[in-house]
Amino acid sequence: MDNEAILRKYKRRQRLIDILPVVALAALFAILVATVQSKGYRLDMYLKIVFNEGVVLAVVATGAVFIYTLGSFDISLGASTLFSATLGVMTYNATQSLPLMILVIFGVAVGCSLLSSVLASVFHIPVFVTTVAMMSVLSAIAAQIITTNGGAVGGISIPSALVKPLDNMGFKIAVLAVFWLICFFVFDFTKIGRKQKFLGGNPVCAQLTGIQVNKYAIIAFVMAGIGVGLGAFLTLVYTPSVTATTAGSIGMNIVVAIVFGGMPISGGPRSRIYSALVGGFSYILLNNILKLLIDSNIGYGVSQIVSAVFFLAVVYVTGLNYRSQMLPR
Amino acid sequence: MKKALALILALVMVLALAACGSSAPAANNDAPAADSGKTVKIGVLVSDVSGEEALGFRAYYENYIAKNYNVEFTYTEQLEDAAAEKAAIEKFAAQGYDAILSLAASDRTTQIETCEANGLYYAVVSGMLDDAQFEQFKSNEHFVGQIGPSMDTEFEAGYAMGKYFADQGAKTVGIYGAFIPNPMHVYRTAGVLAGLGCTYGGASDKDGIAGQLFGDQGVDMSKVQCGDTQIIGYFQGFGDTTFDELFAIIGQQPDAFLSVGMATTFFADSLNGANIPYSDIDSFTSGNAANMADGTLVYLAGKYSSSIGPIFAATLNAVNGNPIRDAQGNALSISQGYLVATDSETFDNIFNGDKGDSPIFSKDLLDTVIGAVSYDDFVSLVESK
Amino acid sequence: MKTPILEMKHIRKTFASTVALGDVDLNVYPGEIRGLIGENGSGKSTISSIAAGMQKADSGEMRYHGDSWNPVSMIDALSKGIGMIVQESGTIQGVSVAENLFLGETKQFPGPFGTIDRKAMNAKADEALQAIGVKNVSGATPMGALDFQTRKLVEIAKVVMKDPEILVVDETTTALSQEGRSILYTLMKKLRDEGKAVLFISHDLDEIMEVCDTLTVLRDGAIIRHFTKDEFDADAIRTSMIGRELQGDYYRSDYTPSHLEEVAVKAEHISLGEALQDVSITVYKGEIVGIGGLSHCGMHPLGKILFGAVKPDSGEVVTGDGVKVTSETVAMKQAFGYVSKDRDVESLSLTASIRDNIAIAGMEKYAVNNFLMLNSREKVYVDKQISDLSIKCADRDQAVSQLSGGNKQKVVFGKWIGRGSEVLILDCPTRGVDIGVKRAMYQLMTELKNEGKSIVMISEEMPELMGMSDRLIIMKDGRITHEFARSTSLSDAEIIQYMI
């Protein structure tokens, strides 16, 4: 009956897998630094670029962790980032008011997210289905607005001087830190986060433990909506224009980020709030390293293939984590 | 456990390789100035990596220009949005590049501002800024300029095509609007309507028609009023019903089928087979030569691959300290029209005249404008072709 | 002495450092139903799964009809004569019963153009089901439409239709009601009478004594003793299973029904579709109310209705204070707890840790201002449940999926008891639990009763209903047919006549 040795081994491996994403991030960071240095490129600029590329992904994905924790999936996050940025720009151009623009961005982002989850609970369909519909609708409306108003330029924009003062590392790090800490607190130190993790692990049992499934789904979508709003705002801070393709890759990158961060895609008790942050930056670092190491003239897509292989490897390793290991009876 | 360890090991190995393997000497970030011994590094922003035109451009730069001049071109991956464009420019800057040539158009304002902030020269290779944007940046010393079809040129290309068929006496035509609301296709389509002698929502001028097409996201047939030439069908985009829409038009046996882009790629077989004369705005390729010689392609407007030679020359000059500016010190802005072929002979002349090793803008020709040359000399060279 | 069908000699099996089987010899003879009994981890499942090709022994020798026996898989073993019905296994929900039965073998029903002749396949499936006594299921029925028990019967049919010489039945009866069990018992007897053999693994001592001809007791990976039918004696068997005399009473020692004055919960005129017709019950504080009946008598949905998890078509559940229990959330506010029959799905989140599972229901007990969750306070709360209930685990962060059935159930109890539940609705609380844990649970229930808490125990096991209840309510076809008060004179026969 003494299974201690197995358990010790199991726990050791679990701990290792828990810290693996962080180790990977550190390693990727070191590799990037070494590569940039050895090629004689400007390291300070590279770090800034990587941060700028990663910050929007990290913010949106951190909000999205709440949804993924429930074992759910929101494919419309990229589209709602685009949509809220679009309406934000339209609002500014109509009113010349920055506060109103920010208000609209967040209102729209949270509103879209809420709509997905409320529709799902009203019609008793998986929320994933409503987000698929939302994705099509939001990107179509945004594209319509952008092309109608953008005309020959093909995009709409706010004056670049408006948010330029905010386009610096200090502001962005502050935004990321504050949002992440709030999420961290809600996720790990309140009943909300704990109940969401439990719900993701076993919704039937959660329901029979008095957890109201719809209520926590809605809270998760609101958190994700706030992340989308911040992401849309940071997108505008980096480039003050919106085109129909803005934030187009965010939706899929969120999945990659969360997986790279070591969180099971099925959510549940092993969900980690830091996954999005760690995974998001790891992914961006990896992409940049590959682009630096692989000569772009070899052909398009080589670095994508390498990063896909890496993705599968990560899924496999993290899979070892939650593929439950039954002890002998 | 073992696998995790293996992964870490692999990472460490990659790290070691990256650290030791690179023997590239540290490039210095100084301006290359006039030192002709130093390779000029140019980053190219692209939003299309697979189109015929894009491939032709790339081949010209990489296989011809790079062999004949001391320059190195680095192409980006497909840039999806403004943020990707900005990041790409910043990376080129971090790598000590000298100039950016842009084929990507999500946000040109940000592209120019980013180049300026990082001290890179910038030129638009394909397409043009809109008037307000050009006004804003024309005096910016990092902005080399733009040579290409402006929206006016796009409209004119469509207009010439429409007028060609109207003059030929076509009574019934079908129109393919390609990827409206892509601005290029909007202006071409507006031009086609005007060239055919039609009005759209009462408007007959460029801005009047194009503005409404942007609003309608396509051509609303109920707003079209035509004279002698009737439009019997219109469609755009590419999806499940595209071929049904095409066959509905073919079934009515129109006198001509006018396309503002991509028809030679999508519909050539169907149109050749149905014996319907058609036109397109595309490029001078062997496929199109065959469509014109053996099929029913009767009108092709297109760019040729080496049309992007002069903007390279202007950029190289700027990097080497010989910027070409007009009398007011403004950046270049030269509208480069399309070449049109309506018969195989013309087509072949253009096609054969711009082959890989002997492009229209050859080294000999470009050398006449490299170095300290006047604005007028430069413009006259571009306009000579 | 007959020659054995299967001889197993010097079988050893270890998992890492754990010895699951140490040098075990076991013979299976034709014409016997041999029971294998032992606590969790005794090795009874390991030895039988080695025989049936599910895993390999580290060393040892097996002979089947005198020839060397080394099956490479369960399918291989089944095709050669040893079939096993496992405790937790799967049928595929999305397809029909027939497709489940003939999974991977549909080629034997060729239709035109490489298709499957479904008609022939379904007919053959009907035949296989009827052969084991399952009358009301057809091969064409989608698997997902069947309940848990019927799915189990399909699994049994799937093994039996291969006509094995030795049938291994591992803990299967815990999933079955009385009817299901009687189908299985009939089948086992038929095999025995045909000169075949059955290896029957169960936790349930009463069942095993009833059904088996011989009995082998295992403990800590070794065979302790073989019993023949005439040697069967519950105390002797228990003693050899546990290795010591059981101290104290198994069930409650008193035989007087008792409860406090106050009503804890009242269900009034509950009806639910076909399942329940106008059922009313009242449960008092300090009372254990047993509810018994056949599996489909409506007692399981009644348990969920009491907890607010299922809305009845008519009628209502009201607490002693007059609060209507309309949802799980309300029920929990009123300090109700519900232990489901389907433990792994409805009572536990298997991938979560012991800590998560216990803490989730009791957060308001230790959260600061009912909001802020602190690790330190949570650990104290969880560790108290682990030690109070003596949950055997490495530590609180161990995943519950790694625990034995009994310890899993203790976690479920800890989840509800820790938050101070006043009314506990227990649906088959001792299902799949070994007797050591069972006994602990019975003692716990008695303690809770003495503290004035109320317990509704829904069970399909007669002895525990009689042994524990102050009042025993018997249901049949969605109605209450009789109510017995606690007494020494209750008998199985008397109760069963109200069930069927």
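A nonpolar core is taken here as a set of buried Ala, Val, Leu, Ile, Met, Phe, Trp, Tyr and Cys residues joined through C-beta atoms within 7 Å. In this predicted model, the largest such core holds 229 residues, and the members touching the most others are Val60(A), Ala61(A), Ala64(A), Leu120(B), Tyr122(B) and Val456(C). The top contributor to this core is helix H2 of chain A, residues 43-69, which supplies 15 residues. A second core, separate from that one, has 67 residues, with Met8(C), Leu36(C), Trp69(C) and Leu205(C) among them.

Ala64(A) gives a feel for how the big core is wired up. Once neighbours within four places in sequence are set aside, Ala64(A) is in contact with Asp74(A), Leu77(A), Ala224(A), Gly227(A), Ile254(A) and Ala276(A). Over in chain B, Ala93(B) sits in helix H3, residues 82-94. Ala93(B) counts as buried because it has 23 C-beta neighbours inside 10 Å, the cut-off for burial being 20 or more. Again leaving out neighbours within four places, the contacts of Ala93(B) are Met45(A), Asn118(B) and Leu120(B). Asn118(B) is 25 residues from Ala93(B) along the chain, yet their C-alpha atoms are separated by 6.2 Å. Leu120(B), for its part, is one of the core residues that touch the most other members.

As for the chains themselves, 2 pairs are in contact, and chains A and B share the most contacts. Chains B and C, by contrast, do not touch, and 15 Å lies between their nearest C-alpha atoms.

Chain B splits into two domains: domain 1 covers 33-148 + 305-336 + 358-384, and domain 2 covers 152-303. Their centres, taken over C-alpha atoms, are 31 Å apart. Each side puts 6 residues into the contact between domain 1 of chain B and domain 2 of chain B. On the domain 1 side, helix H2 of chain B (residues 52-68) provides the largest share, 3 residues. That same side of domain 1 of chain B has no nonpolar residues, its members being 4 polar and 2 charged.

Still in chain B, helices H6 (residues 151-167) and H7 (residues 183-195) pack against each other at an angle of about 35°, with axes 6 Å apart. The crossing of H6(B) past H7(B) is right-handed. Residues of H6(B) in the contact include Met151(B), Phe155(B), Gly158(B), Tyr159(B), Gly162(B) and Ala166(B), while those of H7(B) include Pro183(B), Tyr187(B), Gly191(B), Leu193(B) and Gly195(B). Sorted by class, the contact of H6(B) with H7(B) has 14 nonpolar, 5 polar and 4 charged residues.

A few backbone oddities are worth a look. Most residues other than glycine have a negative phi, and most peptide bonds are trans. The bond between Ile180(B) and Pro181(B) is cis, with omega about 15°. Pro181(B) falls in the loop that runs between strand E6 (172-176) and H7 of chain B. Gln253(B), not a glycine, has a positive phi near 50°. Gln253(B) is found in the loop between helix H9 (242-251) and strand E10 (256-259) of chain B, and it counts as exposed because it has 11 C-beta neighbours inside 10 Å. In chain C, His269(C) also has a positive phi, about 50°, without being a glycine. Here the setting is a strand, since His269(C) lies in E11 (residues 263-272) of chain C. With 13 other C-beta atoms within 10 Å, His269(C) is partly exposed.

Two buried positions in chain C round out the picture. Arg34(C), in strand E3 (residues 32-37) of chain C, is charged and still buried, with 23 other C-beta atoms within 10 Å. Its contacts, leaving aside neighbours within four places, are Val28(C), Ala197(C), Val198(C), Leu199(C), Phe200(C), Cys212(C), Thr214(C) and Thr216(C). Of these, Thr214(C) is 180 residues from Arg34(C) in sequence but 4.8 Å away in space, C-alpha to C-alpha. Ile417(C), from helix H15 (residues 405-418) of chain C, is likewise buried, having 22 other C-beta atoms within 10 Å. The C-alpha atoms of Ile417(C) and Leu448(C) are 9.0 Å apart, with their positions 31 residues apart along the chain.

How values were computed. Residues numbered from 1 in each chain as written. Chains lettered and ligands numbered in written order. Predicted model: local features only at pLDDT ≥ 70, side-chain atom pairs only at ≥ 80, totals over all residues. Axes fitted to C-alpha atoms, helices over the stretch in contact; angles between N-to-C directions. Helix = DSSP H or I, 4+ residues; strand = E, 2+ residues; numbered from the N terminus. Left-handed = near helix turned anticlockwise from the far one by under 90°. Contact = placed C-beta atoms within 7 Å. Domains from an automatic or database assignment. Buried ≥ 20, exposed ≤ 12 C-beta atoms within 10 Å, placed from the backbone.
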